[in-house]
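Colleague: I am new to reading structures. Could we go through this one step by step?

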Amino acid sequence: MFYLDANTFIEAKNRYYHMDICPGYWRWILESYAEGAVGSISMVYDELLKGNDELASWAKENDELFFPTNSYQVQQYMVDVSTHVSRLPGLKPNAVPEFLNGADPWLVAMAMANDGVVVTHEMPNPEAKKKIFLPDVCDHFDVPYMNTFDLLIQKEAQFVLS
């Protein structure tokens, strides 16, 4: 299962797969979800709803795409993720609470619990002190990650004009 970060939805909507320009991308997500290949989590859903735009409406119409994170296994992995990031040295005071209050640690925990892959547009930055980057936490726990474009290539997605 590929677990989509909020930025994969937001970047697509705002830039290269705008909903009016490339509806095929959004259909592809839903078809891939139906095949059991792509999904996200409830915290990403909550982040998308803050936008109060066409993406928020799309998320509301397709809320089954966003899985709950309340399983025992996900909760246990979340403890591991929280412990790890709280022990990272030299971070600015807000870095840990900012990371833990978002969807990113839950994406890692969900991927750990389900042998999944995190899909994000964040890049690793292990030297950062102001922010904890999702790929760096994935690296620590050996959770694979990739960006949207690598996912589309791997899944052989095609958006063809008819």
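Modeller: One definition comes before the helix contacts: contact means heavy atoms within 4.5 Å. Keep in mind also that this is a predicted model.

Colleague: Which residues of H3 do Ala6, Phe9 and Ile10 in H1 meet?

Modeller: The axes of H1 and helix H3 (residues 42-49) come within 9 Å and cross at roughly 35°. On the H1 side the contact is made by Ala6, Phe9 and Ile10. Their partners in H3 are Val44, Glu47 and Leu48.

Colleague: How do the residues of the contact of H1 with H3 divide by class?

Modeller: Ala, Val, Leu, Ile and Phe count as nonpolar, and Glu counts as charged. The contact of H1 with H3 therefore divides into five nonpolar, no polar and one charged.

Colleague: Why is H1 called oblique to H4?

Modeller: The axes of helix H1 (residues 6-14) and helix H4 (residues 54-61) come within 10 Å and cross at roughly 130°. Angles over 145 degrees count as roughly antiparallel and 65 to 115 as roughly perpendicular, and the crossing falls in neither range. H1 is therefore oblique to H4.

Colleague: What is the handedness of the crossing of H1 and H4, and which residues in H4 are met?

Modeller: The crossing of H1 and H4 is right-handed. From H1, the residues in contact are Phe9, Ile10 and Lys13. In H4 they meet Glu54, Leu55 and Trp58.

Colleague: Which residues make the contact of H3 with H4?

Modeller: H3 and H4 pack at an angle of about 140°, with their axes 8 Å apart, and H3 passes H4 in a left-handed crossing. H3 brings Tyr45, Leu48 and Leu49 to the contact. By class, the contact has six nonpolar, no polar and one charged residues. The H4 side consists of Leu55, Ala56, Ala59 and Lys60.

Colleague: Where is asparagine 52, and is this residue buried or exposed?

Modeller: Asparagine 52 is in the loop between H3 and H4. Its phi is near 50°, a positive value in a residue other than glycine. The relative accessible area of asparagine 52 is 70%, and the cut-off for exposed is over 50%. Asparagine 52 is therefore exposed.

Colleague: Now the sheet. What is the order of its five strands?

Modeller: The sheet is open, with parallel pairing. Its edge strands are strand E3 (66-67) and strand E5 (145-146), each of which pairs on one side only. The order is E3-E2-E1-E4-E5.

Colleague: What is the bridge partner of valine 118 in E5?

Modeller: Strand E4 (residues 117-119) and E5 pair in the parallel sense over two bridges. In E5, valine 118 is matched with tyrosine 145.

Colleague: What are the bridge partners on the two sides of E2?

Modeller: E1 and E2 run parallel and are joined by two bridges; phenylalanine 2 has valine 38 in E2 as its bridge partner. E2 and E3 also run parallel and are joined by two bridges. In E3, the partner of serine 40 is phenylalanine 66.

Colleague: Which residues of E2 point one way, and which the other way?

Modeller: In a regular strand the side chains alternate between the two faces of the sheet. In E2, Val38 and Ser40 point one way, and these residues are buried. Pointing the other way, and buried too, are Gly39 and Ile41.

Colleague: How many residues of H7 are buried?

Modeller: Buried means under 20% relative accessible area. Among the buried residues of helix H7 (residues 104-113) are Asp104, Trp106 and Met110. H7 is mostly covered, and its buried residues number ten of ten.

Colleague: Is alanine 34 buried or exposed, and how far in space is glutamate 64 from alanine 34?

Modeller: Alanine 34 is found in helix H2. At 65% relative accessibility, alanine 34 counts as exposed. Alanine 34 and glutamate 64 are 30 residues apart in sequence. In space, C-alpha to C-alpha, the distance between alanine 34 and glutamate 64 is 9.9 Å.

Colleague: What is the phi of glutamate 156?

Modeller: Glutamate 156 lies in the segment after helix H9 (148-154) and counts as exposed at 68% relative accessibility. Most residues other than glycine have a negative phi. Glutamate 156 is not a glycine, yet its phi is positive, about 55°.

Definitions and conventions:
Residues are numbered from 1 along each chain as its sequence is written. This is a predicted model: local features need pLDDT of at least 70, side-chain atom pairs count only at pLDDT 80 or more; totals for chains, interfaces and linings use all residues. Side-chain values use heavy atoms; hydrogens and water are left out. Axes are lines fitted to C-alpha atoms, for helices over the stretch in contact, and angles run from 0 to 180 degrees between N-to-C directions. Helices (H or I, at least four residues) and strands (E, at least two) are DSSP runs, numbered from the N terminus. Angles under 35 degrees count as roughly parallel, over 145 as roughly antiparallel, 65 to 115 as roughly perpendicular and the rest as oblique. A crossing is left-handed if the near helix is turned anticlockwise from the far one by less than a right angle, and right-handed if clockwise. Two strands pair if DSSP finds at least two bridges between them. Buried means under 20% relative accessible area, exposed over 50%, partly exposed in between (1.4 Å probe, protein chains only).
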